[in-house]
Amino acid sequence: MNMNRKIVARFLGGFLIAAAFLGPKVFAADPTDSVRTQTVKFEDLSVNTQAGAASLYRRIHQAAKQVCEQPGADGKDLKALQIQQACIVRAESRAVDNVHSGALSAYYQMTLGHSYPVSAQNNVN
């Protein structure tokens, strides 16, 4: 397998890490697929609380790091490190979206340092 195919396979693994967040068990991709996958269980967490969301995010982050691991990304190969980081962000984003938890989404946005403006309109005359 050439390097481009390996990169694509790892990106797909990252994307698929959260493809099936259905209920309290997460399984990414069909087990017969050749991409790397990671199962993240969270039935023991209350994901609609900040503590539960934080715990689930840590689990998702660890799974994404494992699935997206790139040879040479230990600081010596900048390209491999960039590929790994991009894969992790995409895998986490997809996983968080698939959980459908406002608390988890808010926690994830906070970890990224993103904030979204909130606008209000007062129609009092």
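This is a short chat about aromatic pairs and helix packing in a predicted model.

Student: How many aromatic pairs does the structure hold?

Tutor: There are 2 aromatic pairs. In one, the ring centres of Y57 and Y107 sit 5.8 Å apart with planes at 55°. Planes over 60 degrees apart would count as edge-to-face and those under 30 as stacked, so this pair is tilted.

Student: Which parts of the chain does that pair tie together?

Tutor: Look up where each ring sits. Y57 belongs to helix α2 (residues 50–67) and Y107 to helix α4 (residues 102–112), so the pair joins parts 50 residues apart in sequence.

Student: Are those two tyrosines, Y57 and Y107, buried or exposed?

Tutor: Buried means under 20% relative accessible area. Y57 comes in at 12% and Y107 at 17%, so both count as buried.

Student: What about the other pair, Y57 with Y108?

Tutor: Those ring centres are 5.8 Å apart and the planes are at 45°, so that pair is tilted too. Here Y57 in helix α2 is linked to Y108 in helix α4, 51 residues away. Y108 is buried, like Y57. Together, Y57, Y107 and Y108 make one aromatic cluster.

Student: And how do helices α3 and α4 pack?

Tutor: Check the angle and the distance between axes. Helix α3 (residues 78–99) and α4 pack at about 155°, their axes 8 Å apart. Angles over 145 count as roughly antiparallel, and α3 and α4 therefore fit that description. Their crossing is left-handed.

Student: Which residues meet there?

Tutor: From α3 come V89, E92, S93, V96 and V99; from α4, L104, S105 and Y108. By class, that contact has 5 nonpolar, 2 polar and 1 charged residues.

Technical notes
Residues numbered from 1 in each chain as written. Predicted model: local features only at pLDDT ≥ 70, side-chain atom pairs only at ≥ 80, totals over all residues. Heavy atoms only, no water. Phe/Tyr/Trp six-rings, centres within 6.5 Å; stacked < 30°, edge-to-face > 60°. Helix = DSSP H or I, 4+ residues; strand = E, 2+ residues; numbered from the N terminus. Buried < 20%, exposed > 50% of the residue type's maximum accessible area, 1.4 Å probe, protein only. Axes fitted to C-alpha atoms, helices over the stretch in contact; angles between N-to-C directions. Parallel < 35°, antiparallel > 145°, perpendicular 65-115°, else oblique. Left-handed = near helix turned anticlockwise from the far one by under 90°. Contact = heavy atoms within 4.5 Å. Nonpolar A, V, L, I, M, F, W, Y, C, P; charged D, E, K, R; others polar.
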